[in-house]
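Good morning, colleagues. Please bring up the sequence and the structure on your screens, and I shall then take you through three regions.

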Amino acid sequence: MEKQKKRFEVSGKVIWGSSISLAVLASVPKLFDSFSTAGDIVINSSITLLFSVFIWYYNIYSLPKFSSQRNSKSLFNGKLLLSVLLGIVIMVILVIAHQELFEVSKMDAPIMFELRGLLINLIVYMFLHLLFQNYQTQQLGVELELTKAVNLGAQYELLKQQVNPHFLFNSLNTLKSMVDINDPMSSDFILKLSDFYRFTLESRKMDLIPLREELQILDSYVYLLKARFEDGFVLVNEVDPKQYDSAVPPFTLQLLIENCIKHNIVSLDKPLVIKLYSEGDFLVVENQIQLKRGALSTGVGLDNINQRFLHLIHKEIEIDKNETTFKIKIPMIYDYHNN
(Lines give C-alpha, C1' and ligand atoms only; values in the text may rest on other atoms or scores of the structure.)
Protein backbone atom coordinates (compact mmCIF):
# COMPACT_ATOMS: atom_id res chain seq x y z
CA MET A 1 0.00 0.00 0.00
CA GLU A 2 1.30 3.43 -0.92
CA LYS A 3 2.11 5.58 2.08
CA GLN A 4 0.38 8.95 2.23
CA LYS A 5 2.89 11.77 1.95
CA LYS A 6 3.36 13.57 5.26
CA ARG A 7 2.60 17.28 5.11
CA PHE A 8 5.13 19.84 6.27
CA GLU A 9 3.98 21.37 9.55
CA VAL A 10 5.46 23.53 12.28
CA SER A 11 4.26 22.94 15.83
CA GLY A 12 2.27 25.72 17.45
CA LYS A 13 4.51 25.30 20.49
CA VAL A 14 7.53 26.25 18.34
CA ILE A 15 5.75 29.29 16.89
CA TRP A 16 4.40 30.69 20.17
CA GLY A 17 7.35 29.58 22.27
CA SER A 18 9.87 31.32 20.00
CA SER A 19 7.64 34.42 19.70
CA ILE A 20 7.30 34.74 23.47
CA SER A 21 11.07 34.24 23.86
CA LEU A 22 11.78 37.01 21.34
CA ALA A 23 9.29 39.30 23.12
CA VAL A 24 11.03 38.70 26.45
CA LEU A 25 14.48 39.28 24.94
CA ALA A 26 13.31 42.51 23.31
CA SER A 27 12.15 43.78 26.71
CA VAL A 28 15.35 43.01 28.61
CA PRO A 29 16.99 46.39 27.79
CA LYS A 30 13.87 48.13 29.15
CA LEU A 31 14.42 46.53 32.53
CA PHE A 32 17.71 48.42 32.89
CA ASP A 33 16.25 51.72 31.68
CA SER A 34 15.32 53.86 34.67
CA PHE A 35 12.85 55.87 32.59
CA SER A 36 10.88 52.79 31.47
CA THR A 37 7.61 51.90 33.12
CA ALA A 38 5.78 48.60 33.33
CA GLY A 39 3.49 49.84 30.60
CA ASP A 40 6.43 50.53 28.31
CA ILE A 41 7.70 46.97 28.84
CA VAL A 42 4.26 45.46 28.13
CA ILE A 43 3.81 47.54 24.97
CA ASN A 44 7.30 46.73 23.75
CA SER A 45 6.81 43.02 24.39
CA SER A 46 3.34 42.86 22.85
CA ILE A 47 4.50 44.54 19.62
CA THR A 48 7.37 42.04 19.31
CA LEU A 49 5.11 39.08 20.15
CA LEU A 50 2.40 39.99 17.64
CA PHE A 51 4.93 40.77 14.94
CA SER A 52 6.79 37.45 15.49
CA VAL A 53 3.57 35.41 15.34
CA PHE A 54 2.51 37.17 12.14
CA ILE A 55 5.91 36.59 10.50
CA TRP A 56 5.83 32.91 11.43
CA TYR A 57 2.41 32.28 9.91
CA TYR A 58 3.04 34.42 6.84
CA ASN A 59 6.26 32.56 6.02
CA ILE A 60 4.62 29.18 6.64
CA TYR A 61 1.78 30.17 4.31
CA SER A 62 4.15 31.27 1.55
CA LEU A 63 6.73 28.52 2.09
CA PRO A 64 5.26 25.90 -0.31
CA LYS A 65 5.12 28.56 -3.03
CA PHE A 66 8.81 29.36 -2.99
CA SER A 67 10.22 26.04 -1.70
CA SER A 68 8.27 23.49 -3.72
CA GLN A 69 11.08 23.16 -6.25
CA ARG A 70 13.73 20.89 -4.84
CA ASN A 71 16.39 22.09 -7.18
CA SER A 72 16.08 25.66 -5.88
CA LYS A 73 19.45 26.58 -4.39
CA SER A 74 18.72 30.20 -3.57
CA LEU A 75 18.02 30.90 0.08
CA PHE A 76 17.41 34.60 -0.48
CA ASN A 77 14.87 35.30 -3.20
CA GLY A 78 11.91 37.48 -4.13
CA LYS A 79 9.69 35.99 -1.45
CA LEU A 80 12.15 37.02 1.25
CA LEU A 81 12.15 40.58 -0.08
CA LEU A 82 8.35 40.59 -0.08
CA SER A 83 8.35 39.26 3.49
CA VAL A 84 10.76 42.01 4.59
CA LEU A 85 8.70 44.77 2.96
CA LEU A 86 5.46 43.39 4.37
CA GLY A 87 7.14 43.12 7.78
CA ILE A 88 8.09 46.79 7.68
CA VAL A 89 4.49 47.75 6.92
CA ILE A 90 3.10 45.49 9.65
CA MET A 91 5.57 46.84 12.21
CA VAL A 92 4.52 50.42 11.39
CA ILE A 93 0.85 49.46 11.77
CA LEU A 94 1.52 47.76 15.13
CA VAL A 95 3.46 50.76 16.48
CA ILE A 96 0.75 53.21 15.40
CA ALA A 97 -1.99 50.93 16.77
CA HIS A 98 -0.29 50.73 20.17
CA GLN A 99 0.18 54.48 20.29
CA GLU A 100 -3.50 55.04 19.60
CA LEU A 101 -4.75 52.19 21.79
CA PHE A 102 -2.65 52.94 24.88
CA GLU A 103 -2.37 56.68 24.23
CA VAL A 104 1.38 56.52 24.51
CA SER A 105 3.20 59.64 23.47
CA LYS A 106 6.74 58.43 24.04
CA MET A 107 7.95 55.17 22.51
CA ASP A 108 11.19 53.88 21.08
CA ALA A 109 12.17 55.43 17.78
CA PRO A 110 10.31 53.73 14.89
CA ILE A 111 13.66 52.84 13.30
CA MET A 112 14.46 50.66 16.34
CA PHE A 113 11.24 48.69 15.88
CA GLU A 114 11.92 48.32 12.16
CA LEU A 115 15.43 47.03 12.77
CA ARG A 116 14.09 44.62 15.34
CA GLY A 117 11.41 43.49 12.89
CA LEU A 118 14.00 42.97 10.17
CA LEU A 119 16.13 40.85 12.48
CA ILE A 120 13.14 38.76 13.59
CA ASN A 121 12.08 38.33 9.95
CA LEU A 122 15.51 37.02 8.93
CA ILE A 123 15.74 34.68 11.94
CA VAL A 124 12.29 33.18 11.34
CA TYR A 125 12.81 32.92 7.57
CA MET A 126 16.16 31.16 7.83
CA PHE A 127 15.05 28.84 10.64
CA LEU A 128 11.90 27.90 8.73
CA HIS A 129 13.91 27.36 5.56
CA LEU A 130 16.24 24.97 7.40
CA LEU A 131 13.26 23.08 8.83
CA PHE A 132 11.77 22.75 5.37
CA GLN A 133 15.06 21.58 3.85
CA ASN A 134 15.26 18.91 6.55
CA TYR A 135 11.67 17.92 5.74
CA GLN A 136 12.54 17.61 2.04
CA THR A 137 15.58 15.49 2.86
CA GLN A 138 13.40 13.16 4.93
CA GLN A 139 10.84 12.95 2.12
CA LEU A 140 13.57 12.07 -0.37
CA GLY A 141 14.69 9.32 1.99
CA VAL A 142 11.13 7.98 2.22
CA GLU A 143 10.74 8.07 -1.57
CA LEU A 144 14.09 6.31 -1.99
CA GLU A 145 13.01 3.54 0.39
CA LEU A 146 9.71 3.27 -1.47
CA THR A 147 11.59 3.00 -4.78
CA LYS A 148 13.78 0.26 -3.31
CA ALA A 149 10.69 -1.58 -2.09
CA VAL A 150 9.07 -1.33 -5.53
CA ASN A 151 12.29 -2.53 -7.15
CA LEU A 152 12.49 -5.50 -4.79
CA GLY A 153 8.88 -6.30 -5.61
CA ALA A 154 9.67 -6.15 -9.33
CA GLN A 155 12.68 -8.43 -8.82
CA TYR A 156 10.46 -10.89 -6.95
CA GLU A 157 7.89 -10.86 -9.73
CA LEU A 158 10.68 -11.34 -12.24
CA LEU A 159 12.04 -14.32 -10.32
CA LYS A 160 8.59 -15.90 -10.36
CA GLN A 161 8.56 -15.47 -14.14
CA GLN A 162 12.06 -16.87 -14.47
CA VAL A 163 11.16 -20.04 -12.59
CA ASN A 164 7.90 -20.31 -14.48
CA PRO A 165 5.86 -23.25 -13.12
CA HIS A 166 4.23 -23.76 -16.52
CA PHE A 167 7.61 -23.91 -18.22
CA LEU A 168 8.88 -26.42 -15.65
CA PHE A 169 5.67 -28.45 -15.99
CA ASN A 170 5.96 -28.54 -19.79
CA SER A 171 9.65 -29.43 -19.58
CA LEU A 172 8.98 -32.32 -17.22
CA ASN A 173 6.18 -33.57 -19.49
CA THR A 174 8.57 -33.40 -22.44
CA LEU A 175 11.19 -35.29 -20.45
CA LYS A 176 8.64 -37.98 -19.50
CA SER A 177 7.70 -38.44 -23.16
CA MET A 178 11.38 -38.74 -24.12
CA VAL A 179 12.02 -41.31 -21.39
CA ASP A 180 8.92 -43.31 -22.39
CA ILE A 181 10.23 -43.72 -25.93
CA ASN A 182 13.83 -44.22 -24.78
CA ASP A 183 14.95 -41.11 -26.60
CA PRO A 184 18.78 -41.05 -26.51
CA MET A 185 18.61 -37.26 -26.04
CA SER A 186 16.96 -37.62 -22.61
CA SER A 187 20.26 -37.27 -20.76
CA ASP A 188 21.17 -34.12 -22.66
CA PHE A 189 17.71 -32.71 -21.94
CA ILE A 190 18.17 -33.29 -18.21
CA LEU A 191 21.59 -31.59 -18.29
CA LYS A 192 20.22 -28.57 -20.18
CA LEU A 193 17.29 -28.29 -17.78
CA SER A 194 19.70 -28.45 -14.86
CA ASP A 195 21.97 -25.83 -16.46
CA PHE A 196 19.08 -23.50 -17.06
CA TYR A 197 17.87 -23.56 -13.45
CA ARG A 198 21.42 -23.35 -12.15
CA PHE A 199 21.86 -20.18 -14.21
CA THR A 200 18.58 -18.92 -12.78
CA LEU A 201 19.76 -19.34 -9.20
CA GLU A 202 23.22 -17.87 -9.87
CA SER A 203 21.99 -14.80 -11.74
CA ARG A 204 18.86 -13.83 -9.83
CA LYS A 205 20.69 -11.34 -7.56
CA MET A 206 22.62 -9.63 -10.36
CA ASP A 207 21.49 -6.41 -11.98
CA LEU A 208 23.44 -7.08 -15.18
CA ILE A 209 25.34 -9.93 -16.80
CA PRO A 210 27.55 -10.01 -19.92
CA LEU A 211 25.67 -10.71 -23.12
CA ARG A 212 27.77 -13.81 -23.76
CA GLU A 213 26.47 -15.30 -20.48
CA GLU A 214 22.92 -14.31 -21.35
CA LEU A 215 23.30 -16.14 -24.66
CA GLN A 216 24.59 -19.22 -22.82
CA ILE A 217 21.48 -19.20 -20.65
CA LEU A 218 19.42 -18.73 -23.79
CA ASP A 219 21.13 -21.68 -25.43
CA SER A 220 19.93 -24.01 -22.66
CA TYR A 221 16.46 -22.48 -22.77
CA VAL A 222 16.21 -22.87 -26.56
CA TYR A 223 17.37 -26.49 -26.35
CA LEU A 224 14.48 -27.23 -23.98
CA LEU A 225 12.04 -25.45 -26.31
CA LYS A 226 13.34 -27.36 -29.35
CA ALA A 227 12.80 -30.63 -27.52
CA ARG A 228 9.18 -29.60 -27.01
CA PHE A 229 8.35 -27.89 -30.33
CA GLU A 230 10.96 -29.56 -32.56
CA ASP A 231 11.12 -27.72 -35.91
CA GLY A 232 8.10 -25.62 -34.98
CA PHE A 233 10.46 -23.24 -33.19
CA VAL A 234 13.49 -21.64 -34.88
CA LEU A 235 15.93 -19.17 -33.33
CA VAL A 236 18.37 -17.38 -35.63
CA ASN A 237 21.26 -15.76 -33.76
CA GLU A 238 22.96 -13.09 -35.84
CA VAL A 239 24.31 -10.98 -32.99
CA ASP A 240 27.66 -9.40 -33.76
CA PRO A 241 30.30 -11.13 -31.55
CA LYS A 242 31.77 -7.67 -30.89
CA GLN A 243 28.67 -7.02 -28.77
CA TYR A 244 29.26 -10.02 -26.51
CA ASP A 245 31.12 -7.95 -23.91
CA SER A 246 28.15 -5.61 -23.45
CA ALA A 247 25.59 -6.33 -20.74
CA VAL A 248 21.88 -6.87 -20.28
CA PRO A 249 19.66 -7.56 -17.26
CA PRO A 250 19.66 -11.34 -16.69
CA PHE A 251 16.95 -13.38 -18.46
CA THR A 252 15.90 -10.48 -20.67
CA LEU A 253 16.18 -12.55 -23.86
CA GLN A 254 14.50 -15.56 -22.27
CA LEU A 255 11.54 -13.41 -21.20
CA LEU A 256 11.24 -11.83 -24.66
CA ILE A 257 11.25 -15.23 -26.37
CA GLU A 258 8.81 -16.60 -23.83
CA ASN A 259 6.58 -13.62 -24.66
CA CYS A 260 6.75 -14.47 -28.38
CA ILE A 261 5.76 -18.08 -27.75
CA LYS A 262 2.95 -17.03 -25.44
CA HIS A 263 1.22 -14.90 -28.09
CA ASN A 264 2.08 -16.65 -31.36
CA ILE A 265 1.34 -19.98 -33.00
CA VAL A 266 4.22 -22.46 -32.71
CA SER A 267 3.74 -25.56 -34.84
CA LEU A 268 5.40 -27.74 -37.49
CA ASP A 269 2.93 -26.40 -40.04
CA LYS A 270 3.61 -22.82 -39.07
CA PRO A 271 7.05 -22.54 -37.45
CA LEU A 272 7.76 -19.51 -35.27
CA VAL A 273 11.02 -17.93 -36.40
CA ILE A 274 12.73 -15.52 -34.00
CA LYS A 275 15.78 -13.52 -35.02
CA LEU A 276 18.41 -11.94 -32.79
CA TYR A 277 20.69 -9.33 -34.31
CA SER A 278 22.56 -6.10 -33.60
CA GLU A 279 21.39 -2.74 -34.86
CA GLY A 280 23.61 0.14 -33.77
CA ASP A 281 23.62 0.23 -29.99
CA PHE A 282 20.56 -1.97 -29.78
CA LEU A 283 19.98 -5.70 -29.60
CA VAL A 284 16.91 -6.60 -31.65
CA VAL A 285 14.52 -9.50 -31.05
CA GLU A 286 12.29 -9.92 -34.10
CA ASN A 287 9.52 -12.38 -34.91
CA GLN A 288 6.85 -12.66 -37.55
CA ILE A 289 3.34 -12.08 -36.24
CA GLN A 290 1.14 -15.21 -36.22
CA LEU A 291 -1.09 -14.56 -33.23
CA LYS A 292 -2.92 -17.32 -31.45
CA ARG A 293 -6.69 -17.12 -31.63
CA GLY A 294 -8.03 -15.27 -28.61
CA ALA A 295 -4.55 -14.28 -27.41
CA LEU A 296 -4.65 -11.10 -25.34
CA SER A 297 -1.57 -9.09 -24.48
CA THR A 298 -1.49 -7.27 -21.12
CA GLY A 299 1.94 -5.77 -21.76
CA VAL A 300 3.09 -6.74 -18.25
CA GLY A 301 6.14 -8.67 -19.47
CA LEU A 302 7.44 -5.89 -21.71
CA ASP A 303 6.69 -3.27 -19.08
CA ASN A 304 8.69 -5.26 -16.52
CA ILE A 305 11.70 -5.33 -18.86
CA ASN A 306 11.29 -1.65 -19.69
CA GLN A 307 11.20 -0.72 -16.00
CA ARG A 308 14.44 -2.61 -15.40
CA PHE A 309 16.23 -0.64 -18.14
CA LEU A 310 14.79 2.64 -16.84
CA HIS A 311 15.99 1.79 -13.34
CA LEU A 312 19.48 0.75 -14.44
CA ILE A 313 20.43 3.15 -17.26
CA HIS A 314 17.46 5.53 -17.60
CA LYS A 315 16.75 4.30 -21.13
CA GLU A 316 13.67 2.62 -22.52
CA ILE A 317 13.25 -0.31 -24.85
CA GLU A 318 11.83 0.44 -28.29
CA ILE A 319 8.94 -1.38 -29.94
CA ASP A 320 8.62 -1.48 -33.72
CA LYS A 321 5.49 -3.21 -34.98
CA ASN A 322 3.80 -3.53 -38.34
CA GLU A 323 1.29 -5.94 -39.86
CA THR A 324 3.80 -8.78 -40.29
CA THR A 325 6.67 -8.34 -37.84
CA PHE A 326 7.17 -7.41 -34.21
CA LYS A 327 10.52 -6.03 -33.03
CA ILE A 328 11.80 -5.28 -29.57
CA LYS A 329 14.98 -3.18 -29.42
CA ILE A 330 16.85 -3.28 -26.12
CA PRO A 331 19.71 -0.83 -25.47
CA MET A 332 23.15 -2.36 -25.07
CA ILE A 333 25.03 -1.47 -21.87
CA TYR A 334 28.78 -1.09 -22.11
CA ASP A 335 29.79 0.68 -18.90
CA TYR A 336 28.39 -1.46 -16.11
CA HIS A 337 28.98 -3.02 -12.72
CA ASN A 338 26.85 -5.06 -10.33
CA ASN A 339 25.93 -3.73 -6.88
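Which helix gives the most to the nonpolar patch? Before I reply, please note that this is a predicted model. The principal contributor is helix 1, residues 12-31, with 5 residues. The patch lies on the surface and is formed by Trp16, Ile20, Val24, Leu25, Val28 and Tyr57. Together these residues have about 570 Å² of accessible area.

Let me single out valine 28, which lies in helix 1. Its relative accessibility is 32%, and exposed would require over 50%, so valine 28 counts as partly exposed.

I turn now to helix 7. This helix comprises 19 residues, 211-229, and at 1.5 Å a residue it should span 27 Å. The C-alpha atoms at its ends are 25 Å apart, which agrees with that expectation. Which residues of helix 7 are buried? They are Leu211, Glu214, Leu215, Ile217, Leu218, Ser220, Tyr221, Val222, Leu224, Leu225 and Phe229. After helix 7 comes glutamate 230, with a positive phi near 55°.

The final region concerns glutamate 286, located in strand 5, residues 282-288. Glutamate 286 is buried, yet it has no salt bridge. How far away is the nearest side chain of opposite charge? That side chain belongs to lysine 327, and the distance is 4.1 Å. The cut-off for a salt bridge is 4 Å, so the pair with lysine 327 is not counted as one. The side chain of glutamate 286 does make a polar contact, at 2.6 Å, with the side chain of tyrosine 277.

Notes. Residues numbered from 1 in each chain as written. Predicted model: local features only at pLDDT ≥ 70, side-chain atom pairs only at ≥ 80, totals over all residues. Heavy atoms only, no water. Helix = DSSP H or I, 4+ residues; strand = E, 2+ residues; numbered from the N terminus. Expected span 1.5 Å × (residues − 1). Buried < 20%, exposed > 50% of the residue type's maximum accessible area, 1.4 Å probe, protein only. Patch = residues over 30% accessible without salt bridge, like charges linked within 9 Å, V, L, I, M, F, W, Y side chains within 5 Å. Areas by Shrake-Rupley, 256 points an atom, 1.4 Å probe, with all protein chains shown as cover. Lys, Arg positive; Asp, Glu negative; His and termini not counted. Polar contact = N/O pair within 3.5 Å; in protein donor to acceptor, adjacent residues only side chain to side chain.
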